[in-house]
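Reader: I have a structure to go through at the bench. Please take my questions one by one.

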Amino acid sequence: MRITRTVAGRSRRTAVMATTGLTAAALLLTGCSDSGSDSEEAADANGKITLTLADFGQFGYKEAGLYEKYEKANPNIKIKVNTTADEKIYYPKFLQQLNTGSGLADVQGIEVGRVKELVDTKADAFADLSEAIDTNQWVNWKSLQATTDEGKVIGAGTDIGPMSLCYRRDLFEQAGLPADREEVAAKVAGGWEDYLKMGEEYQKKAPKDTFFMDSASAMYNGVVSSNEEQYYSKDGKAIYKESAGVQAGWDLAAEAAEKKLTAGLPQFSDKWQAALRKGTVATVACPAWMAAQISTYAGDAFKGKWDIARTPGQTAANWGGSFLGVPAKGKHVKEAMAFVKWLTAPEQQAAVFKAVGVFPSNKGAYELPEVKEAKLPYFNDAPIGEIYAEESQVIPAAVLGPKDGVIKDTISTQINNMETRGTSSDDAWKAATEAIDKVIG
Amino acid sequence: MATSTPTRGAHGSKPDRRAPKAISPGRQAWRSRLWRFDDKASPYAYIAPFFLVFGAFGLYPLIYTGWIALHKVEMTNLDQMEWVGWENFSTILQDSEFWTAVSNTFIIGVISTVPQLLVALGLAHLLNYKLRASTFWRTIILTPYATSVASAALVFALVFRVDGGLLNWLLSFVGLDGIDWASGHWTSKIAIAVIVIWRWTGYNALIYLAAMQAVPSDLYEAASIDGASRWQQFRNVTIPALRPTILFTIVISTIGSMQLFGEPLLLEGGANGAQGGSEHQYETLSIYLYNYGWNLLHLGPAAAVAWAMLALLLLIAAINWLVGRVTRKSAA
């Protein structure tokens with residue numbers, strides 16, 4: 001009946017799938033082939049079980065060869081993985097599947113910005129992982145994030161995002177700044193204000209067409225993440241308008257935009273990737289997983305020219321990190337829990353860290369040589385295991401809220417408007433609060 | 001039509017009914033009643049499948065969407081529906097972003113539909129000449145229509161890219177600075193309109209061509225005997241004959257531009273694409289709906305947007321119909 005000209009149902013879905021944008025062709029393929037996986041019968045004649053896992057972005061299990069390893073160790077199990085590149089597309093679909101109870105994988109990835117919403121509204125739909133896994137293995141704030149008030153654990157912690165500062169040694173030298181990581185850390189020991197001062201210094205003698213930072217929203221996230229209270233209070237109220245961390249982060253971002261210390265590149269966008277490839281940004285506020293992104297996009301040309309220092313003010317902050325949940329209605333809840341337990345055990349988290357650089361949430365992994373002695377050659381052999389493990393233990397247990405992820409994105413968009421469009425701080429804040437009130441709605 | 005065709009194939013032709021001699025009167029009455037029933041009911045049975053399918057997949061979702069629009073429903077918990085009456089509608093009507101989306105949709109609709117239909121008309125006129133390999137040309141102009149929105153939009157996203165985009169690369173040859181197409185208020189709309197025009201011009205041209213070929217050739221002969229030039233023939237014979245077709249394409253294009261989704265979503269992609277640009281500069285109503293439902297997870301207002309879109313379409317259709325009536329009258 002619908003005389004749909006532009007987007008009929010199917011092409012709309014493909015279109016949505018393709019928003020992820022990075023690798024269009026590959027994404028279109030996955031977009032078209034992701035349905036129908038649950039119709040496959042679970043156990044075949046030999047009693048072989050197919051465990052399905054759905055995740056987003058880069059969990060690193062494939063890169064670390066963990067699926068094959070698990071299949072080899074458990075010959076009765078076959079693992080099937082369905083990865084969506086963009087979490088924004090993955091999550092609504094996941095919610096719909098949770099609502100209808102169909103199409104769910106045996107193991108599902110959960111982003112930290114969403115975990116509170118699931119804990120609050122969907123805890124019943126998940127198996128209690130505390131039955132199988134000792135949650136004390138994780139850094140304590142991580143396990144709290146996925147635990148309901150009754151003590152049910154809906155997600156096993158995979159990685160965390162302790163903050164650091166990634167910077168370009170060569171650009172710093174050319175601009176007359178110290179290149180050594182200890183000296184850089186000392187120069188910004190006073191906090192993010194010092195970081196901006198360093199930015200002004202950099203910009204004065206900066207090599208042509210380079211910028212001190214990639215985007216002010218990255219710095220903003222770094223500042224906010226070091227606070228215990230961010231967007232919500234402990235009793236679940238949205239307090240972002242009064243939150244000290246948000247205010248401080250916003251003001252710093254506005255200052256950076258005004259002083260033109262930033263290239264104004266929305267992180268992970270094409271422009272951002274291009275700037276890294278061309279090497280025109282000198283610093284990036286750097287949660288552990290960011291190092292992998294930088295080395296991927298900046299490429300071999302800048303190997304060894306990047307380095308990692310402690311965050312300004314040596315604040316301990318966490319930005320990002322994910323969980324693995326087991327839907328209660330799955331066909332193989334028991335096997336799925338065993339699989340999740342194995343995936344999040346110290347050895348496996350260390351292997352993932354080695355493969356793609358996402359930092360373990362399991363404290364046991366910090367004692368393993370893969371983490372403890374880890375040095376990133378790309379970042380001038382920065383001792384990342386040491387830097388991050390030390391910080392991870394002292395990160396404050398941040399209060400999470402159901403809409404943390406969307407609020408963060410909304411504010412980032414407006415910070416970007418200040419940087420690139422010259423929107424005044426007041427106008428941008430007004431636009432941000434209007435949009436966020438709509439989110440909380 | 002041929003009068004000898006039996007009205008109801010297998011059952012035989014009408015004279016049968018009037019040859020009742022061998023059949024008892026009661027049976028005859030029963031038969032004729034059956035015939036009459038068949039006569040009346042069969043057509044409905046034939047078209048029933050469409051209406052059943054339409055009811056299940058068209059009407060039911062439509063009404064259910066309306067039901068949702070009157071409730072507070074979150075994607076996180078579809079079972080919990082709280083009655084709020086018209087609140088969702090007043091929410092979206094008070095939202096400045098909604099009106100931005102309305103005006104964006106309207107502007108993009110106009111700047112894509114008008115040139116598109118004009119070019120299609122011209123193309124159809126050219127294709128209507130006697131050409132060598134005419135089928136080849138006709139097929140060629142339809143190829144953009146055959147590509148999917150997603151791939152077309154992604155290719156054009158590369159063309160309109162700031163960094164290393166084809167268009168900015170060409171501009172650099174003329175010494176012009178690169179344009180950040182997606183971030184400008186007008187440039188982004190133009191970019192989207194270009195994608196739409198590229199995809200749909202050929203499609204409309206073929207529709208016009210089909211209509212043109214139905215115009216009796218003696219009209220043209222008479223016109224040329226009267227000394228009318230090609231242009232005069234086009235204006236005074238072709239266009240009037242095409243009026244209903246043109247109206248049809250306008251309606252179809254209007255509906256299409258109202259539903260514009262893939263092109264704006266993919267122009268920038270990512271988070272910006274999903275909300276129609278960092279300042280909503282190219283946010284269409286469909287994107288607004290999508291953002292409300294699938295990003296903010298509030299299904300109530302999203303459903304309200306869907307109904308508002310339907311209302312707008314009906315309004316536009318009514319205007320179209322009125323205009324059509326007036327022009328037909330003035331033409332007559």
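Reader: Over residues 44-70 of chain B, what percentage of the chain is helix, and how far apart are the end C-alpha atoms?

Author: First, the ground rules. This is a predicted model, where local features need pLDDT of at least 70, side-chain atom pairs count only at pLDDT 80 or more, and totals for chains, interfaces and linings use all residues. Residues are numbered from 1 along each chain as its sequence is written, chains are lettered from A and ligands numbered from 1 in the order written, and side-chain values use heavy atoms, without hydrogens and water. Helices (DSSP runs of H or I, at least four residues) and strands (E, at least two) are numbered from the N terminus; over residues 44-70 of chain B, strand is 0%, helix is 96%, and the end C-alpha atoms are 35 Å apart.

Reader: What does UniProt list for chain B, and in which residues?

Author: The record is an unreviewed entry. Its positions are given in the numbering used here, feature names are shortened, and annotations may be inferred rather than shown by experiment. Under "transmembrane region" UniProt lists residues 44-70, 106-127, 139-160, 190-211 and 304-323 of chain B.

Reader: Which residue stands opposite K72(B) in β2(B)?

Author: Strands pair if DSSP finds at least two bridges between them. In chain B, β1 (residues 71-74) and β2 (residues 77-83) run antiparallel, joined by 3 bridges. A hairpin of 2 residues links β1(B) to β2(B). Opposite K72(B) stands E82(B).

Reader: In what order do the 4 strands of the open sheet in chain A lie?

Author: The pairing is mixed. The edge strands, each pairing on one side only, are β7 (211-213) and β9 (306-309) of chain A. The order is β7-β8-β6-β9.

Reader: In β8(A), what is the bridge partner of C166(A)?

Author: β6(A) and β8(A) pair in the antiparallel sense, over 5 bridges. In β8(A), C166(A) has as its bridge partner V284(A).

Reader: Which cysteines form a disulfide, and how far apart are their sulfur atoms?

Author: A disulfide is a pair of cysteine sulfur atoms within 2.5 Å. The count over all chains is 1. The pair is C166(A) and C286(A), with sulfur atoms 1.9 Å apart.

Reader: Why is the disulfide of C166(A) and C286(A) left-handed?

Author: Both cysteines, C166(A) and C286(A), are buried (under 20% relative accessible area, 1.4 Å probe, protein chains only; exposed is over 50%, partly exposed in between). The disulfide is left-handed because the torsion about the S-S bond of C166(A) and C286(A) is about -75°.
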